Amino acid sequence: MEKRVKLRVQGITNSQVQSGAYALILAEENGIRRIPIIVGMPEAQSIAIALEGLKPPRPLTHDLFATFAQAFGIRLTEVYIYRFEEGIFYSELLFTDGERSIKVDSRTSDAIAIALRVKCDIYTSEEIVRQAGIVLEDDLEDEPAPVDLSEVDMDEEINKLLTGMNVYELEAQLKQAVEQEDYELAKLVRDELQHRKETDTE
């Protein structure tokens, strides 16, 4: 039987090879190899929302899928990336209803977005890790910075504004940003709140 490798989602960064796309980084759980997977803006946004723990006021497609499956007693037990061919990753979802197990083919970006929501394991083969895996030489321990999904580089100006707000104002701003589905701003506000919390505990 082919050796399987367990993966975890390390983060999302801007793609260095494809303009307007993002790189989803999967990390070998007990190793130093990383697998970068190019994903588009909608998939990157959905994955980033799950990674940040944000709750949109209306369910996104991946939220709806996960809720639908759970409502009918169907559980996603794992995601398996089973093939890598011509730069494309192929994945399947393994579902069970307690009696039967069913495999469903899926785009890898969709599979990961759903897996993050239901907190199931992600696997691939040792062969795929050898083919597509890389070792990040800059700093093997550092997590990549979460992606900034904004098309316009306004981070510096927004951060100046957020720095002048107190905690209560920031919490109100975060709530409003999520309600308006402005996830780029929500992330920046959440980062500022986290920074304040870390500073207060030092």
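This briefing describes the fold, the ring interactions and several individual residues of the protein shown above. The model is predicted. It contains 7 helices and 8 strands, and 40% of its 202 residues are buried. Of the contacts with a separation of 6 or more, 57% join residues that are 24 or more positions apart.

**Surface**

- The protein exposes about 12,400 Å², and 50% of this area is supplied by carbon and sulfur atoms.

**Aromatic pairs**

- The count of aromatic pairs comes to 4.
- One of these is formed by Phe65 and Phe95, a tilted pair with 6.0 Å from centre to centre and 50° between the planes.
- Phe65 belongs to helix 2 (residues 61-71) and Phe95 to strand 5 (residues 88-96), so the pair ties together parts of the chain that are 30 residues apart in sequence.
- Phe65 has a relative accessibility of 36% and therefore counts as partly exposed.
- Its partner Phe95 is buried, with a relative accessible area of 9%, which is under the 20% cut-off.
- Tyr82 and Tyr90 also form a pair: their ring centres lie 6.4 Å apart and their planes meet at 45°, so this pair is tilted.
- Tyr82 counts as partly exposed because its relative accessibility is 31%.
- Tyr90 is likewise partly exposed, at 23% relative accessibility.

**Arginine over aromatic rings**

- Tyr90 takes part in a further interaction, as Arg83 lies over the face of its ring at 4.0 Å from the ring centre.
- Arg4 is placed over the face of Tyr123, at 4.3 Å from the centre of that ring.

**Positive phi in loops**

- Most residues other than glycine have a negative phi.
- Glu86, although not a glycine, has a positive phi of about 55°.
- The loop that holds Glu86 runs between strand 4 (75-85) and strand 5.
- Glu86 is exposed, with a relative accessible area of 77%.
- Lys119, which is not a glycine either, has a positive phi of about 60°.
- Lys119 is located in the loop between helix 3 (108-118) and strand 7 (121-125).
- With a relative accessible area of 73%, Lys119 is exposed.

**Buried residues in helices**

- Glu43 is part of helix 1 (residues 41-52).
- The relative accessible area of Glu43 is 11%, and because this is under 20% the residue counts as buried.
- Apart from neighbours within four places in sequence, Glu43 is in contact with Arg107, Ser109 and Asp110.
- Leu188 sits in helix 7 (residues 183-201).
- Leu188 is buried, its relative accessible area being 10%.
- Leu188 and Leu174 are 14 residues apart along the chain, and their C-alpha atoms are separated by 8.9 Å.

**Points to locate in the structure**

- Which parts of the chain does the Phe65 and Phe95 pair tie together? They are helix 2 and strand 5.
- Over the face of which ring does Arg83 lie? The ring is that of Tyr90, which also pairs with Tyr82.
- Is Glu43 buried or exposed? Glu43 is buried, and its contacts beyond the sequence neighbours include Asp110.

Definitions and conventions: Residues are numbered from 1 along each chain as its sequence is written. This is a predicted model: local features need pLDDT of at least 70, side-chain atom pairs count only at pLDDT 80 or more; totals for chains, interfaces and linings use all residues. Side-chain values use heavy atoms; hydrogens and water are left out. Helices (H or I, at least four residues) and strands (E, at least two) are DSSP runs, numbered from the N terminus. Buried means under 20% relative accessible area, exposed over 50%, partly exposed in between (1.4 Å probe, protein chains only). Contact means heavy atoms within 4.5 Å. Accessible areas come from the Shrake-Rupley method with a 1.4 Å probe; for residues, only the protein chains shown count as cover. Rings of Phe, Tyr and Trp (its six-membered ring) pair if their centres lie within 6.5 Å; planes under 30 degrees apart count as stacked, over 60 as edge-to-face and the rest as tilted. A charge sits over a ring if NZ of Lys or CZ of Arg is within 6 Å of the ring centre and within 35 degrees of the ring normal.
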